[in-house]
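Me: Please take a close look at one part of this structure, the surroundings of ligand 2. I would like a connected account of what lines the site and what lies behind the lining.

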Amino acid sequence: MADLTCDVAVIGAGTAGISAEHNARKHGARTLLIDPEFAGTTCATVGCMPSKLLIAAGRAAHGARKAGVFGIGTGPVSVDGRAVMKRVREERDRFVAGTRKGFDRLPEGTCIRARARFTSATTLELDDGRSVSAKAVVIATGSAPMVPGPYRALGDLTLTNETVFELDDLPQSLAVIGAGVIGLELAQAMARLGVRVAVFDRAERLAQMRCERVHDALKDAMAQEMALHLGSDPQPSEEGGKVRIDWDGQSEFFDRVLVATGRPPNLKGLNLEATGLKLNDKGMPEVSEATMQCGEAPIFMAGDANAMHPVLHEASDEGAIAGRNAVAYPAVVRSDRRVPLSLTFTEPPLVSIGQGPDESAKIGTADYSSQGRARVDDENTGVARIYAAAPRGRLIGADLFCPGADHMGHLLALAIQQGLTAEELLSMPFYHPTLEEGLRGALKEICRAVPLHLSGDQDPGSPPGG
Ligand SMILES: Cc1cc2nc3c(=O)[nH]c(=O)nc-3n(C[C@H](O)[C@H](O)[C@H](O)COP(=O)(O)OP(=O)(O)OC[C@H]3O[C@@H](n4cnc5c(N)ncnc54)[C@H](O)[C@@H]3O)c2cc1C
Ligand SMILES: NC(=O)c1ccc[n+]([C@@H]2O[C@H](COP(=O)([O-])OP(=O)(O)OC[C@H]3O[C@@H](n4cnc5c(N)ncnc54)[C@H](O)[C@@H]3O)[C@@H](O)[C@H]2O)c1
């Protein structure tokens with residue numbers, strides 16, 4: 001007889017786990033939410049929120065520095081690194097406190113402070129010695145930074161997203177290893193805060209960008225703010241209390257190194273072998289994107305743990321799907337997923353939506369280097385590429401690296417998810433002068449390529465006035 005019994009046991013109290021527990025309980029289940037810390041989600045503690053706070057500080061410094069373009073004098077701009085980091089932590093702690101309060105509102109006995117491992121498909125062993133028996137289990141254990149051995153050997157000189165926000169002060173120089181999402185966001189923020197930044201990646205592409213044209217724009221913009229060493233094989237060592245990076249016959253010293261080389265799922269220690277699930281060479285079971293079910297088992301996997309869509313809104317959706325299906329098991333229900341949307345908070349922002357530019361796609365391009373509103377705001381850089389399918393010009397995807405891409409990306413995601421064509425999106429109002437207006441050129445290019453005739457009510461050129 002197990003020490004604790006329930007209908008649905010959720011392992012991991014992050015975004016996906018909280019959502020799974022909530023939805024399972026809403027559907028009538030007796031639930032347990034198991035986590036060793038209940039520290040707050042990765043998003044609030046060491047992820048989305050502190051990174052956006054640091055980025056906001058960088059944006060403020062950058063804005064002050066370029067105010068002269070508009071004839072505004074600010075005097076020399078100085079950055080108080082201690083004050084920057086203090087605000088990052090204070091505001092971060094506010095978000096974390098909100099998340100933790102949520103745990104207090106759960107029914108008594110729901111939260112179990114322990115680390116769990118499987119002893120069978122439906123039984124768990126906790127590190128406090130207790131056992132759990134459940135009708136179904138949701139794995140929502142998230143992911144953690146992967147730090148290659150040579151960087152681990154540098155001790156405190158090596159930072160990850162779990163430690164960088166704890167710095168009392170900004171370093172004078174920073175090597176960033178990995179030009180993915182985390183690397184780019186934090187490298188640009190640090191550079192704007194006056195830190196000398198060099199980014200190293202063994203790949204040739206920043207952020208694994210799938211569109212050549214957008215990648216070129218991204219690379220040009222980033223190279224203006226930091227040193228980029230792509231296709232390099234950086235080798236770290238410690239010398240005189242500094243980090244020395246050697247690559248391609250060159251070397252350079254830095255105060256710290258930030259490792260952002262990916263965040264694999266937290267599966268070690270779960271003893272998935274005891275579940276009877278078939279595991280691949282990475283120890284990962286097959287997980288259905290529509291049901292979150294692992295194989296045919298009463299086991300569901302949501303959020304970063306399944307490595308499918310490691311972003312917050314997907315973790316939350318997947319938790320809800322997993323929680324509901326854990327209750328419904330074996331009669332699981334398939335869910336339609338949202339159109340894939342990823343957003344990197346560089347400036348300008350980098351956005352990918354839906355499908356990429358495959359050979360059959362009709363492509364429209366909007367160049368923001370001379371777009372009216374972008375020029376007004378002195379943000380005229382970057383490009384947007386929109387992809388559509390023949391024969392009707394249905395929108396299927398887009399890649400953007402341009403001002404306002406964070407908002408326009410949502411507009412395009414809505415259009416793509418609704419199955420709109422380029423012509424239908426063009427029939428919406430576009431106010432002048434806005435960044436959205438720039439997308440019209442790309443949409444018209446798709447109409448010409450399909451080809452489709454624009455309604456006679458529409459001006460085939462750009463609106464007069466810029
Ligand atoms: C620096 C950074 C910036 C980011 N920025 C963004 C952004 O701007 N927008 C966006 O959409 N996404 C962003 N993300 C991604 C987003 O934060 C994650 O996709 C999301 O937080 C994943 O949630 P999760 O529930 O899967 O994992 P988590 O929130 O990490 O939760 C996992 C939980 O599992 C627990 N756990 C682990 N092992 C066990 C075990 N054996 N037993 C019990 N409990 C266990 C952990 O303690 C933890 O509480 C960012 C991530 C990082 C790192
Ligand atoms: N805005 C957002 O939504 C946001 C922000 C930050 C993080 N995240 C999430 O966090 C996850 C992890 O981000 P990440 O940036 O750590 O991973 P990533 O997979 O995006 O990028 C890792 C990069 O490191 C490089 N790399 C790997 N090993 C290396 C080595 N030894 N030397 C040099 N380069 C190496 C890879 O080529 C790759 O470009 C992302 O998948 C993302 O979903 C999202």
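Reply: What follows goes from the ligand shell to the nonpolar cores and then to an annotated residue. The model is predicted. Around ligand 2 there are 25 residues, and Gly178, Gly180, Ile182, Thr261 and Pro310 are the closest of them. Sorted by class, this shell holds 13 nonpolar residues, eight polar ones and four charged ones. Three elements each contribute at least two shell residues: helix 6 (181-192), strand 9 (196-201) and strand 16 (341-344). Helix 6 contributes the most, four residues. Because domain 2 (149-259) and domain 3 (341-449) both give residues to the shell, ligand 2 lies between them.

The largest nonpolar core has 86 residues, and those touching the most other members are Ala175, Val176, Leu186, Val197, Ala384 and Ile386. Helix 6 supplies the largest share of this core, eight residues. Another core, of 42 residues, lies apart from it and includes Ala29, Ala116, Cys294 and Ile321. Leaving out residues up to four places away in sequence, Ala175 touches Ala198, Phe200, Val243, Ile245, Phe254 and Val257. In soluble globular proteins, nonpolar side chains tend to be buried together.

One annotated position remains. UniProt, in an unreviewed entry, lists His432 under "active site". His432 sits in the loop that joins helix 11 (422-426) to helix 12 (439-449). There are 14 other C-beta atoms within 10 Å of His432, so this residue is partly exposed.

Conventions:
Residues are numbered from 1 along each chain as its sequence is written. Chains are lettered from A and ligands numbered from 1 in the order in which they are written. This is a predicted model: local features need pLDDT of at least 70, side-chain atom pairs count only at pLDDT 80 or more; totals for chains, interfaces and linings use all residues. A residue is near a molecule or strand if its C-beta atom, placed from the backbone, lies within 6 Å of it. Ala, Val, Leu, Ile, Met, Phe, Trp, Tyr, Cys and Pro count as nonpolar, Asp, Glu, Lys and Arg as charged, and the others, Gly among them, as polar. Domain bounds come from an automatic or database domain assignment. A nonpolar core is a set of buried Ala, Val, Leu, Ile, Met, Phe, Trp, Tyr and Cys residues joined through C-beta atoms within 7 Å. A residue is buried if 20 or more other C-beta atoms lie within 10 Å of its own, exposed if 12 or fewer, and partly exposed in between; C-beta atoms are placed from the backbone. Two residues are in contact if their C-beta atoms, placed from the backbone, lie within 7 Å. UniProt positions are given in the numbering used here, feature names are shortened, and annotations may be inferred rather than shown by experiment.
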